[in-house]
Amino acid sequence: MTLESGRKRGGGGSARRAARSAVSFETAPVIDRAIPNYEILNEEALQIIERNAETILAETGVNFLENPEALELWRAAGAQIEDDRVRIPRGLARELCKTAPSSFIQHARNPERNVEIGGKKLVLAPVYGPPFVRDLEGGRRYATMADFENFVRLGYMSKFLHHSGGTVCEPTDVPVNKRHLDMLLAHMTLSDKPFMGSVTEPSRAQDSVEMCEILFGKDFVRDNTVMTSLININSPLSFDSIMMGSLEVYARANQACIISPFVVGGAMAPVSVAGTLAQVLAEVMAGVAYSQLIRKGAPVIFGTFVTSIDMNSGAPTFGTPEASQILYGAGQLARRLNLPFRSGGGLCGSKLPDAQAGYETANTLNAALLGGVNFMLHACGWLEGGLVASLEKFVLDADQLGALHKLAEGVAIDENAQAMDAIVEVGPGGHFLGCAHTQANYQSAFWRSNVLDYKPFETWEDEGARDSQSLAATKVKQLLSDYRAPALDPLIERALRSYVAEKKASVPDSFL
């Protein structure tokens, strides 16, 4: 079921009535860095890594598995094909990448929440993909659709999150072949921030496009980017038909894809930083180039998800120095390709939102800010190496994202910031608490957490001596209690729900 493609976005008396009755929540503007990027590699190192990546593409090659169409497109472009192996001559992939835009706007159904991805911007999106959830009351359990909807509500309510994300958790109580419909419907109705489409099967990517045509109008979707979706590469150097099929759907529809190697150093890439960066660059260039073979100018993001491995247990590790080094280097390589960059997030290996989680998350968040990331997936809620989405960690992380906003502003040096009048007024031996400059600036002078405890010990003890997880659990309840759905034209919502119902009724349930 679709609405007339030429309709105006949000038009009609029913939409205006819905808007008047809705409650709106503040979202901070997309971060616009006023600070320099940290560049860890010198020119010589960058040239070596780029040369090595070209060697990998030309001599080792990449596999495009079970995808005859991709092989024919590569053959026509000048690559050498042997079975599923594609060897790309030096310079070809880089040349093809040049038609991808350096930045683009992803439109939200509420135009005030549109985001620009690229340049000096940083867009923050929540955790993606965990099959389990955890909260203080229920512990660790398989995720349900009700959990998913609560995460979308929390994301909508979170001031410093710009994006609703995608699979914020995997709702295991809904059939695998139908859950993408319910997840998209939740993003579209429970939030008015931008969101991600389904990539688990090409037909599900097509469903995502069709649901967006209902939400935004066919003409609008044809001419604008309304989804950014995650296409993972099977590192090392393999592109499977499922992910590439979804990329093909989105590229043809002018919708954005994050072309992202999924690398665990020492297992799916070399143990060295330089070796991993060469492989990452080769994989991304091949994926981006292929998107441009599908459609020149299709929006893409240079993705990097890299962690290391504990050589004793085999478990992935997060927040490590090597992961930050790879992130910094990948950012430099992405900028040299003139592409938006995705990496980072609130990554940790901890089982609980504890000190380990805090340390590892802070390391990654700060590296992403300084490394020039433009789209940060997993910015909040990630726990246990990505197996778990935590309600408490979601709000703890989302709160800390405010510190990134503040740090990205840089240091003001205008007359007010110089504070010479305050220094003259107070003089030697005085204090600044009551001076005119402090009174004029105190409300905005320092960033302050809305979750953590700053109270004196006695007050903290009287209130139950709560730790950060307990404070966050209280905040979760408050946010969900305060939640009100954003306005949506009832005709559009009815059309979306009809589409979902018809699609779900057309095929039997499958949990495979």
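What follows is a chat between a student and a tutor about the core, sheets, salt bridges and ring pairs of this structure.

Student: Before we start, what kind of model is this, and how are residues numbered?

Tutor: This is a predicted model, in which local features need pLDDT of at least 70 and side-chain atom pairs count only at pLDDT 80 or more, while totals for chains, interfaces and linings use all residues. Residues are numbered from 1 along each chain as its sequence is written, and side-chain values use heavy atoms, with hydrogens and water left out.

Student: OK, how many residues are in the largest nonpolar core?

Tutor: The largest nonpolar core has 152 residues, and those with the most contacts inside it are Val62, Phe64, Trp74, Ile88, Met211, Phe302 and Met376. Helix 10 (residues 273-294) gives the most to this core, with twelve residues. A nonpolar core here is a set of buried Ala, Val, Leu, Ile, Met, Phe, Trp, Tyr and Cys residues joined through side-chain atoms within 4.5 Å, and buried means under 20% relative accessible area, with exposed over 50% and partly exposed in between (1.4 Å probe, protein chains only). Helices (H or I, at least four residues) and strands (E, at least two) are DSSP runs, numbered from the N terminus.

Student: What does Trp74 touch?

Tutor: Leaving out residues up to four places away in sequence, Trp74 touches Phe64, Ala79, Ile81, Val86, Ile88, Leu96, Ala286, Ala289, Tyr290 and Leu293, where a contact means heavy atoms within 4.5 Å. Trp74 also belongs to a cluster in which ring pairs link it with Phe64, Phe239 and Tyr290.

Student: Val62 was on your core list; which residue is its bridge partner in strand 4?

Tutor: The bridge partner of Val62 in strand 4 is Val86. Strand 2 (residues 62-64) and strand 4 (residues 85-87) run antiparallel and are joined by two bridges, and two strands count as paired if DSSP finds at least two bridges between them. Both strands sit in an open sheet of four strands with the order 3-4-2-11 and mixed pairing. Strand 3 (80-82) and strand 11 (238-239) stand at the edges, each with a single partner strand, so one side of each is left without a neighbour in the sheet.

Student: Now the sheet with strand 9, what order do its strands have?

Tutor: That open sheet of four strands has the order 9-8-19-18, again with mixed pairing. Its edge strands are strand 9 (139-142) and strand 18 (382-383), each of which pairs on one side only. Helix 13 (residues 391-408) packs on the sheet, touching strand 8, strand 18 and strand 19 (388-390), and its direction makes about 65° with that of strand 19; such axes are lines fitted to C-alpha atoms, for helices over the stretch in contact, and angles run from 0 to 180 degrees between N-to-C directions.

Student: And how many bridges join strand 8 to strand 9?

Tutor: Four bridges join strand 8 (residues 132-135) to strand 9, and the two run antiparallel. Within that pairing, Asp135 stands opposite Gly139.

Student: Switching topic, how many salt bridges does a search find?

Tutor: A search of the whole structure finds 27 salt bridges, each being a side-chain nitrogen of Lys or Arg within 4 Å of a carboxyl oxygen of Asp or Glu. One of them joins the side chains of Arg113 and Asp192 (2.5 Å, N to O). Those two residues lie 79 residues apart, Arg113 in the loop between strand 5 (103-106) and strand 6 (115-118), and Asp192 in the loop between helix 6 (179-190) and helix 7 (202-216).

Student: Is Arg113 buried or exposed?

Tutor: Arg113 counts as buried because its relative accessibility is 8%, and Asp192 counts as buried at 6%.

Student: Which residue does Arg140 meet in a salt bridge?

Tutor: Arg140 meets Glu384 through their side chains (2.8 Å, N to O). The pair is 244 residues apart, with Glu384 in the loop between strand 18 and strand 19 and Arg140 in strand 9. Glu384 counts as buried at 15% relative accessibility, whereas Arg140 counts as partly exposed at 37%.

Student: Last one, how many aromatic pairs are there?

Tutor: The count comes to 13 aromatic pairs, where rings of Phe, Tyr and Trp (its six-membered ring) pair if their centres lie within 6.5 Å, and planes under 30 degrees apart count as stacked, over 60 as edge-to-face and the rest as tilted. The rings of Phe302 and Phe341 have their centres 6.0 Å apart and their planes at 75°, so the pair is edge-to-face.
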